[in-house]
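This briefing walks through one protein chain, beginning with its overall fold and ending with a single residue. Please keep the structure in view while reading, and look for each feature as it is named.

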Amino acid sequence: MPDDLYQRYQAAHRACQAHAASCTPCADSATCPTGKRLYETFARLQDAYLTRLKQRRKR
């Protein structure tokens, strides 16, 4: 069964990339409100996924 958290994390990454590719202010960094929201979602999901990986390794 695919890992839902991993899939959401990867989808958020793709959304960030797609937005940055079509948004001039976000070309170098997330500077528009939409780009900032997308990046924050991606970062939050990435942190959650990496935290879970670290917890699994400790077991």
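The secondary structure of the protein chain consists of 2 helices and 0 strands. With a radius of gyration of 13 Å, well over the 10 Å that the globule rule gives for 59 residues, the chain is more spread out than a compact globule. The model is a predicted one, and the values below are computed from it.

**Overall dimensions and contacts**

- Along its principal axes, the C-alpha trace of the protein chain spans about 45 × 20 × 15 Å.
- When contacts between residues at least 6 apart in sequence are considered, 54% of them join residues that are at least 24 apart.

**Surface and charge**

- Of the 59 residues in the protein chain, 22% count as buried.
- The protein chain exposes about 4600 Å², and carbon and sulfur atoms supply 52% of that area.
- The protein chain carries 11 positive and 5 negative charges, and the mean positions of these two groups are 7 Å apart.

**A residue to locate: Asp-4**

- Asp-4 lies in helix H1, which covers residues 4-22.
- Is Asp-4 buried, exposed or partly exposed? Its relative accessible area is 48%, and because buried means under 20% and exposed means over 50%, Asp-4 is classed as partly exposed.
- Although Asp-4 and Tyr-49 are 45 residues apart along the chain, their C-alpha atoms are separated by 10.0 Å.

Note on methods
Residues numbered from 1 in each chain as written. Predicted model: local features only at pLDDT ≥ 70, side-chain atom pairs only at ≥ 80, totals over all residues. Heavy atoms only, no water. Helix = DSSP H or I, 4+ residues; strand = E, 2+ residues; numbered from the N terminus. Rg over C-alpha atoms; globule rule 2.2 N^0.38 Å. Buried < 20%, exposed > 50% of the residue type's maximum accessible area, 1.4 Å probe, protein only. Contact = heavy atoms within 4.5 Å. Areas by Shrake-Rupley, 256 points an atom, 1.4 Å probe, with all protein chains shown as cover. Lys, Arg positive; Asp, Glu negative; His and termini not counted. Charge placed at Lys NZ, Arg CZ, Asp CG, Glu CD.
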